[in-house]
Amino acid sequence: MLRFTTAGESHGPGLISILEGVPAGLPLRAEDVDRELRRRQQGYGRGRRMQIEQDAIELLSGVRAGQALGSPIAMLIRNRDWRSWQEIMDPAPRDGDPAARRRAVTRPRPGHADFVGMLKYDRQDARDILERASARETTARVAAGAICRRLLEEIGVSIGSHLVHLGGIDAETPAELPSDLNAASDASPLRTLDSAAERQMVELIDRTKRAGDTLGGICEVVCRGLPLGLGSHVSWDRKLDGRLAGALMSIPAVKGVEIGMGFGAARVPGSAVHDELGADSQRPRAGHVARATNRAGGLEGGMTSGEPLMVRVAMKPISTLMKPLGTIDVITGEPAAATAERSDVTAVPAMGVIAEAMVAFVMADAVVEKFGGDSLHELQRNMDGYLSQVAARTDW
């Protein structure tokens with residue numbers, strides 16, 4: 001099975017991503033990862049940090065001559081902004097420590113990890129918390145997800161996303177999504193497929209920036225080409241619904257996940273929820289059936305159905321406001337205005353890219369779990385055998 005971990009602080013020397021369990025023989029170049037890192041940095045409403053950083057990985061282990069070795073893949077993403085923060089973030093003790101260093105944060109931001117983290121970890125400076133709680137950490141997640149995406153591509157699975165809502169404005173979704181979803185959505189500064197809504201959203205972002213406020217929104221992730229039967233119904237922790245929800249809810253500021261109809265399914269009768277089946281000889285990965293609808297979002301009983309996986313992810317407005325909310329100074333206990341760290345007006349378009357990465361990890365993990373194999377060829381051979389078995393069962 002796959003697993004990954006990340007390390008690093010927002011203004012430290014860099015971020016590290018380690019991914020373990022990738023089959024040997026997977027074709028892989030640094031550019032495959034760098035492309036996804038660049039996508040994460042786009043989006044109207046982003047802050048100056050995205051202009052400073054030029055995210056790219058250094059492959060430290062697990063890849064040779066353009067192929068994965070089967071050993072852990074370690075990647076380093078250097079923080080260019082570290083040059084301006086060395087005195088503040090230096091790991092070594094300095095004269096005067098433990099006195100507060102420059103830019104100490106004692107006025108925690110409502111909605112952020114600052115206050116609870118200070119008390120839980122017994123820290124005097126919230127920077128010891130916020131540097132790791134920062135969404136900058138998701139850069140390392142996207143790096144790991146990019147490799148998982150490459151594995152999925154090798155078995156004919158694609159992942160894309162688009163923005164469907166921002167700050168109270170809905171984007172109209174076309175009846176049929178583009179075949180190359182990311183090519184279409186990445187062409188938009190907000191990664192939306194609705195140009196009329198995009199213009200309204202841009203105006204809203206500009207007004208919100210002038211007001212010193214922030215905006216949240218919703219992105220939809222679509223995964224196509226999955227064979228039926230990934231995941232399992234037999235144990236709670238093997239159900240893909242839960243695995244996807246847990247992975248996506250771990251993204252900073254994400255507060256809701258819907259699969260298929262989501263909460264809408266609770267408001268209508270079963271006849272308006274469940275997807276009727278019909279024979280279709282052209283769909284071997286779906287068991288030679290087609291569903292009249294895809295209200296379940298590609299999952300039934302914790303397993304893939306062969307229909308496209310459809311997941312919507314809701315992100316709250318960012319906690320750092322340039323017109324700060326009220327808080328207390330944890331040193332004095334006196335009322336104060338919250339610290340205003342450099343931030344974005346909205347990061348919802350980037351959140352969609354991060355959500356793609358987390359979906360890629362969960363689905364690649366499910367593929368490795370189902371088909372096994374120490375090498376890519378072995379995994380592909382096992383998958384071909386499974387699909388042949390499914391085809392034999394559905395030879396109607």
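**View 1. Strand 1 and strand 2 meet as an antiparallel pair.** In this close-up of the predicted model, start at T5, whose bridge partner in strand 2 is I18. F4 likewise has a residue opposite in strand 2, namely L19. Strand 1 covers residues 3-7 and strand 2 covers residues 14-20, and five bridges hold the pairing. Follow the chain into the hairpin of these strands and you will come to six residues between them. Here G8 is worth a look, as G8 takes a positive phi near 125 degrees.

**View 2. Four strands make an open sheet in the order 1-2-6-3.** Stepping back from the hairpin, you can see strand 1 and strand 2 as part of this sheet, where the pairing is antiparallel. Which strands stand at the edges? They are strand 1 and strand 3 (57-61), and each of these pairs on one side only. On average, neighbouring strands are turned by 20 degrees against each other, with direction ignored. Helix 1 lies across strand 3 and strand 6 (73-78). The helix runs at about 140 degrees to strand 3.

**View 3. R78 and its contacts are shown here, with R78 placed in strand 6.** Leaving aside residues up to four places away in sequence, R78 touches P13, G14, E53, A56, E58 and R136. For a sense of scale, look also for A336, which is 258 residues from R78 along the chain. The C-alpha atoms of R78 and A336 are separated by 35 Å.

**View 4. Helix 1 packs against helix 6 at an angle of about 135 degrees.** Helix 6 spans residues 138-154, and the two axes are 9 Å apart. At that angle, helix 1 is oblique to helix 6. The crossing of the two helices is right-handed. On the helix 1 side, you will find D32, V33, E36, L37, R39 and R40. These meet T138, T139, V142, A143, A146, I147, R149 and R150 of helix 6. Sorted by class, the contact of helix 1 with helix 6 has six nonpolar, two polar and six charged residues.

**View 5. A salt bridge joins the side chains of R149 and E36.** The distance from N to O is 3.3 Å. What does this pair tie together? R149 belongs to helix 6 and E36 to helix 1, so the salt bridge links parts that are 113 residues apart in sequence. The structure as a whole holds 28 salt bridges.

**View 6. Helix 1 (residues 30-40) also packs with helix 10 (residues 348-371).** Their axes are 8 Å apart, and the angle between the helices is about 145 degrees. From helix 1 come E36, R39 and R40, while helix 10 brings A350, V353, I354 and E356. You may recognise E36, R39 and R40 from View 4, where these residues of helix 1 take part in the contact with helix 6. How many nonpolar, polar and charged residues make up the contact of helix 1 with helix 10? There are three nonpolar, no polar and four charged residues.

**View 7. Helix 10 and helix 11 pack at an angle of about 75 degrees.** Helix 11 covers residues 376-393, and its axis is 9 Å from that of helix 10. Helix 10 is therefore roughly perpendicular to helix 11. V367, V368, K370 and F371 of helix 10 make the contact with L379, N382, M383 and Y386 of helix 11. This contact of helix 10 with helix 11 has six nonpolar, one polar and one charged residues.

**View 8. Five strands form an open sheet in the order 8-7-9-15-10.** The pairing in this sheet is antiparallel. Strand 8 (169-170) and strand 10 (254-259) stand at the edges. Each of them has a single partner strand, so one side of each is left without a neighbour in the sheet. Strand 10 is joined by five bridges to strand 15 (residues 309-315), and the two run antiparallel. To find your place along this pair, look for V254, which stands opposite M315 in strand 15. Helix 9 (residues 240-249) packs on the sheet, where it touches strand 10 and strand 15. The direction of helix 9 makes about 155 degrees with that of strand 10.

Methods:
Residues numbered from 1 in each chain as written. Predicted model: local features only at pLDDT ≥ 70, side-chain atom pairs only at ≥ 80, totals over all residues. Heavy atoms only, no water. Axes fitted to C-alpha atoms, helices over the stretch in contact; angles between N-to-C directions. Contact = heavy atoms within 4.5 Å. Nonpolar A, V, L, I, M, F, W, Y, C, P; charged D, E, K, R; others polar. Pairing = 2+ DSSP bridges. Parallel < 35°, antiparallel > 145°, perpendicular 65-115°, else oblique. Left-handed = near helix turned anticlockwise from the far one by under 90°. Salt bridge = Lys/Arg side-chain N within 4 Å of Asp/Glu carboxyl O.
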